[in-house]
Amino acid sequence: SPYRYRARRHSASRAKPATVLGTLRGESRMTNILQRMRSLVPRAAAGAGAAALALVGGTGIAYTAHVESEVKLDFKDVLIRPKRSTLRSRSEVELARTFHFKHSKQELTCVPLMVANMDTVGTFEMAKCFGAHQAMVAIHKHYTVAEWETFAATSPETLPYVAVSAGTSRDDLARVDEILVACPDVRMICLDVANGYSEFFTNTVREVRAKYPTHTIIAGNVVTNEMTEELILSGADMVKVGIGPGSVCTTRKQAGVGYPQLSAVLECADAAHGLGGHIIADGGITCPGDAAKAFGAGADFIMCGGVFAGHDEAAGELIVKEGRQYKLFYGMSSSTAMEKHVGGVANYRSSEGKTVQVPYKGPVSATILDLLGGLRSACTYVGASTLKEMKHRTTFVRVTQQLNPVFGSHDLAKEKVSLVKGG
């Protein structure tokens with residue numbers, strides 16, 4: 001049985017289809033192996049076999065599949081257990097925190113709420129509003145240097161609360177260099193890729209750290225403790241945690257890869273804090289209650305995209321449909337984003353994001369206040385006078401149901417904003 005297969009070498013002539021990985025003896029034989037696999041399995045499965053071959057690295061050693069039987073949890077699987085509290089009012093809760101970053105040695109006092117670096121929400125307009133609340137925005141990477149200069153000149157008070165974003169391409173990193181020269185008061189860099197497990201990405205983090213020793217670096221995304229540690233040891237001050245939980249991310253559907261977000265936050269926070277680093281819970285937050293659970297699990301920051309879509313400060317024109325107003329929102333690995341920025345989806349990959357129309361929500365300030373109000377309420381329920389205390393005061397209870405479903409998820413008080421006036 002392939003499930004009992006141990007790491008050992010086989011000759012190509014004796015290898016059975018189920019253990020064909022054991023015949024791999026270096027990159028020179030990969031073509032022959034792939035041809036044999038394609039003759040044995042459907043085309044889609046052959047692609048998975050190719051990925052598996054790449055993972056073993058051509059060492060000639062095959063590793064059997066492993067199943068972790070411990071249940072991993074998402075935000076929907078738990079509630080926060082209330083505890084005795086001495087707080088008399090939500091107004092007594094302090095949400096701002098002062099952070100001291102491991103590598104950059106920078107100090108930052110802020111409300112640890114962050115907008116994702118997506119081109120629909122990670123905008124300069126969003127940053128102006130969030131900066132007024134001492135909250136953060138990772139600005140999307142598609143602004144020009146000239147647009148950055150204009151923003152820095154007109155909103156200097158906002159610069160401590162923004163990060164310049166990049167992937168791993170030479171063009172992205174060159175643009176970061178130009179922006180940081182033009183806007184020296186920007187002190188934070190967000191290095192963002194879908195798969196933070198790449199050795200190339202880790203090397204990029206090291207390279208950027210060497211070039212910018214006093215800038216605070218965000219790096220991700222990962223979902224496990226060992227890669228959280230790897231990125232921090234490579235120079236990241238903060239690690240973004242989350243693969244697949246976002247509202248317009250389809251990685252779990254397309255690739256079958258991911259990790260339940262609550263468990264990911266719990267495990268990565270423990271790893272990061274042991275090294276003096278920080279984590280950002282990125283994705284899967286649908287409401288203030290989820291944000292509270294993320295902080296209770298040990299997140300230092302939360303990052304959201306869909307929560308802030310559909311607002312005035314989000315990019316895009318209003319779409320009127322059957323008497324209601326909407327704004328477009330899409331994942332940055334969606335076909336919409338790739339057609340916009342790189343001319344389409346390359347033939348070696350698939351779209352791992354979707355495009356949706358989000359009901360118009362008005363100014364984002366109302367959503368910010370709603371989130372912050374929910375966090376203050378959560379703190380009072382567990383007796384935490386500061387947001388930093390949440391992780392020390394939180395006990396999660398496993399549940400089978402979160403909400404009373406009688407009237408669904410609709411709230412007329414919030415939905416009326418999207419109605420066309422006079423319609």
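What share of the 423 residues in the protein chain do buried residues make up? In this predicted model, the buried residues account for 47% of the chain. The chain is built from 14 helices and 15 strands, and of its contacts between residues at least 6 apart in sequence, 66% join residues at least 24 apart. Its accessible surface comes to about 21300 Å², with 53% of that area belonging to carbon and sulfur atoms.

Helix H12 offers a place to begin with the individual elements. It covers residues 364–382, and because a helix of 19 residues should span 27 Å at 1.5 Å a residue, the 28 Å between its end C-alpha atoms agrees with that expectation. Its buried residues are Val 364, Thr 367, Ile 368, Leu 371, Leu 372, Leu 375, Ser 377, Ala 378, Cys 379, Thr 380 and Val 382. The cover over these residues includes strands E1 (78–80) and E4, together with helices H3, H10 (288–296) and H13 (390–393). After H12 comes Gly 383, which has a positive phi, near 80°.

The charged side chains give another view of how the elements are connected. Side chains of opposite charge can pair when their charged atoms come close. The structure holds 14 salt bridges, and one of them joins the side chains of Asp 119 and Lys 340, with an N to O distance of 3.7 Å. Asp 119 lies in the loop between strand E4 (113–115) and helix H3 (124–132), whereas Lys 340 belongs to helix H11 (residues 335–341), so this pair ties together parts that are 221 residues apart in sequence. The two partners differ in their surroundings: Asp 119 counts as buried at 5% relative accessibility, while Lys 340, at 54%, counts as exposed.

A further salt bridge, between Lys 211 and Asp 177, brings the closest N and O atoms to 3.2 Å apart. This pair links helix H6 (residues 199–211), which holds Lys 211, with helix H5 (residues 170–182), which holds Asp 177, across 34 residues of sequence. Here Lys 211 is partly exposed, with a relative accessible area of 46%, and Asp 177 is also partly exposed, at 22%.

Strands are joined in this way as well, for Asp 192 forms a salt bridge with Lys 240 in which the closest N and O atoms are 2.8 Å apart. Asp 192 is in strand E7 (residues 188–192) and Lys 240 in strand E9 (residues 238–241), 48 residues apart. Asp 192 is partly exposed, with a relative accessible area of 26%, but Lys 240 counts as buried at 1%. Elsewhere, salt bridges with shared partners join Glu 70, Lys 72 and Glu 267 into one network.

The aromatic side chains complete the picture, with a count of seven aromatic pairs. In one of these, the rings of Phe 99 and Phe 101 have centres 6.1 Å apart and planes at 5°, and the pair is therefore stacked. Both partners are buried, Phe 99 at 1% relative accessibility and Phe 101 at 3%. The rings of Trp 148 and Phe 151 are arranged otherwise, since their centres are 6.2 Å apart and their planes stand at 80°, so this pair is edge-to-face. Because Trp 148 and Phe 151 are three residues apart in helix H4 (residues 145–154), about one helical turn separates them. Trp 148 counts as buried at 1% relative accessibility, and Phe 151 is buried at 3%. Ring pairs further link these two residues with Phe 124 and Tyr 143 into a cluster.

Conventions. Residues are numbered from 1 along each chain as its sequence is written. This is a predicted model: local features need pLDDT of at least 70, side-chain atom pairs count only at pLDDT 80 or more; totals for chains, interfaces and linings use all residues. Side-chain values use heavy atoms; hydrogens and water are left out. A salt bridge is a side-chain nitrogen of Lys or Arg within 4 Å of a carboxyl oxygen of Asp or Glu. Helices (H or I, at least four residues) and strands (E, at least two) are DSSP runs, numbered from the N terminus. Buried means under 20% relative accessible area, exposed over 50%, partly exposed in between (1.4 Å probe, protein chains only). Contact means heavy atoms within 4.5 Å. Accessible areas come from the Shrake-Rupley method with a 1.4 Å probe; for residues, only the protein chains shown count as cover. The expected span of a helix is 1.5 Å times one less than its number of residues. Rings of Phe, Tyr and Trp (its six-membered ring) pair if their centres lie within 6.5 Å; planes under 30 degrees apart count as stacked, over 60 as edge-to-face and the rest as tilted.
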